[in-house]
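Here are some friendly notes to read with the structure open beside you. Take the points one at a time and find each residue as you go.

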Amino acid sequence: MLARTMSRRLGAARGRTLASLSFPSIVGVQWRRCASGTGKRVAVVLSGCGVYDGSEITEAVAVLTHLSRAEASVRCFAPDADQMHVVDHRSGKEMNPARNQLQEAARIARGDVAALATLRVADFDMVCFPGGFGAAKNLSDFANAGPDMKVAPDVAAVIADFHGSKKTIALCCIAPVLAASCIRGVKVTVGSDDASDPMWPFAGTAEAISEMGGQHVVTDEGGVCVDEANRVVTAPAYMANSAPHVVYDGVGNMIDAALKLA
């Protein structure tokens with residue numbers, strides 16, 4: 001029934017069926033519509049699909065939605081590489097087979113996602129990194145190495161290029177560790193630094209940021225840290241045990257602040 005309904009809506013006028021439609025062509029139409037605004041050009045870097053081994057979906061969707069509302073022209077990217085591992089999001093256990101970050105990110109981007117290696121800083125005014133454990137497992141090895149972390153070379157290159165070009169970098173949730181590792185002395189937030197507060201189960205990340213040479217700024221759930229000198233904007237998002245609407249609004253605050261710098 002659903003397939004027949006979609007088929008009528010998408011292709012019946014031209015005598016086509018849903019099965020005959022090219023999904024990349026559908027994505028292309030959607031991309032052109034989103035890109036028709038007069039706003040800033042923003043690259044969004046994903047790391048898979050799912051909080052425990054890729055991009056956090058609520059955060060990623062919030063980023064894309066707020067950018068859309070601001071009439072930004074958006075393009076998604078992800079590394080064309082396997083995830084560190086794959087996690088069954090129901091049981092929390094590792095599972096097989098391996099999954100590719102680019103292919104998984106396409107689930108969030110509705111297919112319109114490019115390999116991170118193709119991102120060119122000259123084409124964009126701003127880059128945004130949603131959170132999720134993918135930022136700490138795939139875009140870097142922070143999940144295993146802590147303050148001794150290394151950022152994946154293509155990710156480090158993107159951050160260095162945007163920073164060197166004095167273009168805005170926005171990161172939320174755990175992703176600010178990427179900036180702390182790549183930009184000496186940068187001011188970022190992951191929310192609270194009180195590891196005893198059950199509301200903030202990942203507050204120990206603030207200490208790791210300091211150990212890497214960054215400056216951690218304490219904020220509340222909806223807060224934003226703006227480092228104007230480095231053009232870096234960060235927000236806690238799901239570093240707190242927040243309700244989805246609080247995360248959505250907090251990400252919106254980050255996007256609003258970042259676009260003002262871009």
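**Notes on strands, a helix and salt bridges**

1. Let's start with a pair of facing residues: Val45 has Phe77, in strand E2, opposite it. Strands E1 and E2 run parallel to each other and are joined by five bridges. To get from E1 to E2 the chain passes through helix H3 (residues 57-69), and this β-α-β crossover is right-handed. Please keep in mind that you are looking at a predicted model.

2. Now look at Phe77 again. Which residue in E5 is the bridge partner of Phe77? The partner is Ala114. Strands E2 and E5 are also a parallel pair, with three bridges between them. As for E2 itself, five of its six residues are buried, so the strand is largely enclosed by the rest of the structure.

3. Next come the charged side chains. How many salt bridges does a search of the whole structure find? The search gives four. One of them joins Arg41 and Asp125, with N and O 3.2 Å apart. Arg41 belongs to strand E1 (residues 41-45), while Asp125 sits in the loop between strand E5 (113-115) and strand E6 (126-129), so this pair ties together parts that are 84 residues apart in sequence. Arg41 is partly exposed, because its relative accessible area is 34%.

4. Another salt bridge links the side chains of Asp112 and Arg75, at 3.4 Å from N to O. Asp112 is in the loop between helix H4 (101-108) and E5, and Arg75 is in strand E2 (residues 73-78), so parts 37 residues apart in sequence are tied together here. Is each partner buried or partly exposed? Asp112 counts as buried because its relative accessibility is 16%, and the cut-off for buried is under 20%. Arg75, with a relative accessible area of 25%, is partly exposed.

5. Helix H4 has a salt bridge of its own, between Arg107 and Glu104, whose closest N and O atoms are 3.5 Å apart. These two residues are three places apart in H4, about one turn of the helix. Why does that spacing suit a pair? An α-helix has 3.6 residues a turn, so residues three or four places apart point the same way. Arg107 counts as exposed at 60% relative accessibility, whereas Glu104 is buried, with a relative accessible area of 8%. Through shared partners, salt bridges join Arg99, Glu104 and Arg107 into one network.

6. Stay with H4 for a moment. Six of the eight residues in this helix are buried, so H4 is mostly covered. Among the buried ones are Leu102, Ala105 and Ile108. What covers them? The cover over the buried residues of H4 includes H3, E2 and E5.

7. The ends of H4 deserve a look too. At the N-terminal end, Asn100 acts as a cap: one of its side-chain oxygens is 2.8 Å from the backbone nitrogen of Leu102. After H4 comes Arg110, which has a positive phi, near 55°.

8. Finally, turn to Val158 in helix H7 (residues 153-164). Val158 is buried, with a relative accessible area of 6%. Which residues does Val158 touch, leaving out those up to four places away in sequence? They are Leu116, Leu119, Val127 and Phe129. You can also find Ile169, eleven residues from Val158 along the chain; the C-alpha atoms of these two are 9.8 Å apart.

How values were computed
Residues numbered from 1 in each chain as written. Predicted model: local features only at pLDDT ≥ 70, side-chain atom pairs only at ≥ 80, totals over all residues. Heavy atoms only, no water. Helix = DSSP H or I, 4+ residues; strand = E, 2+ residues; numbered from the N terminus. Buried < 20%, exposed > 50% of the residue type's maximum accessible area, 1.4 Å probe, protein only. Pairing = 2+ DSSP bridges. Right-handed = clockwise from strand over helix to strand, strands pointing away. Contact = heavy atoms within 4.5 Å. Polar contact = N/O pair within 3.5 Å; in protein donor to acceptor, adjacent residues only side chain to side chain.
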